[in-house]
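Here are some worked exercises to try with the model open beside you. Have a go at each task before reading its solution.

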Amino acid sequence: KSGNYSKAASSYYAAVVEKDDLDRLLAYANALFAIGNYRYTSHVLRRAVRRAGKGPLDADWLSRFPSPTDYANKVNDLKRFLTYHRRDPSALTVKAFLYWHDGEDAKCRRLCGYLKTHDRDDEMAAFLLARLEQRTQSSPAPVLPATPAPKPSEPAEAPQPAPKSEPPVKL
């Protein structure tokens, strides 16, 4: 949380070598993202997806940064990178993951569709699309309560005319 991401990446790499589990993979991917190494971030995220399978993938990346502003700066760094490398598949994969993580489902769906047009077997895009589908099914859109229809035995109320105002008094 101190912002020394290079040291964190080295530490998490050693931790992943020691024991290749999901939490360590996600922490390592987070540190790689923070130092702008999108190629390896994408690689480690793909390993995490394989490790997660159909299980949960809880990646709270924001909590690993010293502040929300620092996280936003790193996201802006990725956007800047993509300005000059628009079709970089690794950076696009990381961006799709961040869209999914941040709850921007429509953007994630569009970007995963783009990734799938270039690689039909893209496991990360398929994983994110499946997770988006689960998210959609688990939290349906709110339904507004219907206005009850008047009972046939009761007549519907007729609209009341607006009250007439009296003419202004002249002084």
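**Exercise 1. Set out the order of the elements along the protein chain, starting from the N terminus.**

Step 1. From the N terminus on, the elements read α-α-α-α-α-α-α. Helices (H or I, at least four residues) and strands (E, at least two) are DSSP runs, numbered from the N terminus.

Step 2. Counting them gives seven helices and zero strands.

Step 3. A word on the model: it is predicted, so local features need pLDDT of at least 70 and side-chain atom pairs count only at pLDDT 80 or more, while totals for chains, interfaces and linings use all residues. Residues are numbered from 1 along each chain as its sequence is written, and side-chain values use heavy atoms, with hydrogens and water left out.

Step 4. Of the 171 residues in the protein chain, 33% are buried (under 20% relative accessible area; exposed is over 50%, partly exposed in between; 1.4 Å probe, protein chains only).

**Exercise 2. Describe helix H5: its span, its cover and its two ends.**

Step 1. H5 covers residues 89–101, and its 13 residues reach 18 Å from first C-alpha to last, close to the 18 Å expected at 1.5 Å a residue. The expected span is 1.5 Å times one less than the number of residues.

Step 2. Eleven of the 13 residues in H5 are buried, including Ala91, Leu92, Phe97 and Trp100.

Step 3. Look at what covers the buried residues of H5: among the elements are helices H2 (22–34), H3 (38–52), H4 (68–84), H6 (105–118) and H7 (123–138).

Step 4. At the start of H5, a side-chain oxygen of aspartate 88 comes to within 3.1 Å of the backbone nitrogen of serine 90. After H5 comes glycine 103, with a positive phi near 80 degrees.

**Exercise 3. Follow the aromatic rings through tryptophan 61.**

Step 1. Rings of Phe, Tyr and Trp (its six-membered ring) pair if their centres lie within 6.5 Å; planes under 30 degrees apart count as stacked, over 60 as edge-to-face and the rest as tilted. By this rule there are seven aromatic pairs.

Step 2. Phenylalanine 33 and tryptophan 61 have ring centres 5.3 Å apart and planes at 45 degrees, so this pair is tilted. Phenylalanine 33 sits in helix H2 and tryptophan 61 in the loop between H3 and H4, so the pair ties together parts 28 residues apart in sequence.

Step 3. Tryptophan 61 and phenylalanine 97 have ring centres 5.2 Å apart and planes at 50 degrees, so this pair is tilted. Phenylalanine 97 lies in helix H5, so its pairing with the loop residue tryptophan 61 ties together parts 36 residues apart in sequence.

Step 4. Both tryptophan 61 and phenylalanine 97 are buried. Ring pairs link them into a cluster with Phe33, Tyr38, Phe65, Tyr71, Phe81 and Trp100.

**Exercise 4. Which residues have the most contacts inside the largest nonpolar core?**

Step 1. A nonpolar core is a set of buried Ala, Val, Leu, Ile, Met, Phe, Trp, Tyr and Cys residues joined through side-chain atoms within 4.5 Å.

Step 2. The largest such core has 39 residues, and Phe33, Trp61, Phe97 and Leu128 have the most contacts inside it. H2, H3, H4, H5, H6 and H7 each give two or more residues to this core.

Step 3. Leaving out residues up to four places away in sequence, phenylalanine 97 touches Leu45, Leu57, Ala59, Trp61, Met124 and Leu128 (contact means heavy atoms within 4.5 Å).

Definitions and conventions
A polar contact is a pair of N or O atoms within 3.5 Å; within protein, one must be able to donate a hydrogen and the other to accept it, and residues adjacent in sequence count only if both atoms are side-chain atoms.
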